[in-house]
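Please look over the sequence and the structure shown here before reading the report that follows.

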Amino acid sequence: MTGPELPDGLTLVERDAVESTNDEARALAREGAEEGTLVWAREQRAGRGRLGRTWSSPRGNLYLSLVMDSSLEAAAQTTFVAALALSDALDGLVPNDHTVILKWPNDVLLDGRKLAGMLAEWVPEAEKLVLGVGVNVAAAPADAQHPATTLRDAGVEIGAADLLARFAGEFEPWWRTWKRAGFAPIRAAWMQRCHPMGERLQVNLPDETVVGTYQGLGEDGALVMETWDGDKRRLTVGDVALIG
Ligand code: BTN
């Protein structure tokens, strides 16, 4: 297999089928892999999503995981960096009559349906972060609770390798910006690409459901909401649905 060209600073580790690219990257990190190691697989047999969910991973979609230097505290910020890079990679690819927006914490939505997700995992033994990105290029799971879509549904025909090259090309400058200037520019750009302020949201937390309006992204990456009774809430976990 000949992999795509990646920008300086990213080193490709190409695999065919793996359990999870995050697991591969975690193992490499433990063995001393450098920041910028990028594991790409054609298929995952046990892809993982947030909140203990599985991530459907048939051949044809994009699955990658990056080894990064980060503190544990800043780990969640990297998912916003990846979401920005992916939205740039989709710019000019997705036709204008389709809409790409970002949704907290790490979703990229195409026409209101989930196209991609990010999973950041801390590797304590290596003191490194693994950032996993999955994009539904050609196949999406049928899940009534979390409706998903694909690039193909929007008429985009692209292979996983070409999408990886586009993503990596956009990721590298956002990553440099984050390292140089911190979260502030990432937060500002993310908020511009997110759904509008005031959008009605329902957030499912482990032990409660919060309904209210979107009031922005906190300086630490938390979701800021105003609930119906006027309370301001800052949420750091949860599953968000746009309720219109
Ligand atoms: C989510 O639930 O939204 C996060 C999905 C993350 C999926 C990607 S696919 C590549 C990497 N390997 C995994 O097992 N998960 C992430």
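## Helix H1 and the strands it packs against

In this predicted model, the buried residues of helix H1 pack against five strands, namely E1 (11–18), E2 (37–44), E3 (62–68), E6 (113–123) and E7 (128–135). The helix itself spans residues 21–30 and is mostly covered, with seven of its ten residues counted as buried. Those buried residues are Thr21, Asn22, Glu24, Ala25, Arg26, Leu28 and Ala29, a list that takes in the charged residues Glu24 and Arg26 alongside the nonpolar Ala25, Leu28 and Ala29.

As for its direction, H1 lies across E1, E2, E3, E6 and E7 and runs at about 25° to E3. Just after the helix, Gly32 takes a positive phi of about 105°.

## The seven-stranded sheet

The strands that H1 lies across, E1, E2, E3, E6 and E7, belong to an open sheet of seven strands, which has mixed pairing and the order E1-E2-E3-E7-E6-E5-E4. Its edge strands are E1 and E4, the latter covering residues 100–103, and each of these two pairs on one side only. Direction ignored, neighbouring strands of the sheet are turned by 20° against each other on average.

Strands of a sheet pair through backbone hydrogen bonds, and the pairing may be either parallel or antiparallel. In the case of E1 and E2, the two strands run parallel and are joined by seven bridges. Within this part of the sheet, Val13 stands opposite Val39, a residue of E2.

## Two domains and their contact

The chain is divided into domain 1, which covers residues 11–192, and domain 2, which covers residues 196–242. The C-alpha centres of the two domains lie 23 Å apart, and eleven residues of domain 1 are in contact with eight residues of domain 2.

On the side of domain 1 that touches domain 2, helix H2 (77–90) and helix H4 (183–193) each supply at least two residues. Of the contributors to this side, H4 gives the most, with four residues. By residue class, the side of domain 1 that touches domain 2 divides into eight nonpolar residues, one polar residue and two charged residues.

Note on methods:
Residues are numbered from 1 along each chain as its sequence is written. This is a predicted model: local features need pLDDT of at least 70, side-chain atom pairs count only at pLDDT 80 or more; totals for chains, interfaces and linings use all residues. Domain bounds come from an automatic or database domain assignment. Two residues are in contact if their C-beta atoms, placed from the backbone, lie within 7 Å. A residue is buried if 20 or more other C-beta atoms lie within 10 Å of its own, exposed if 12 or fewer, and partly exposed in between; C-beta atoms are placed from the backbone. Two strands pair if DSSP finds at least two bridges between them. Axes are lines fitted to C-alpha atoms, for helices over the stretch in contact, and angles run from 0 to 180 degrees between N-to-C directions.
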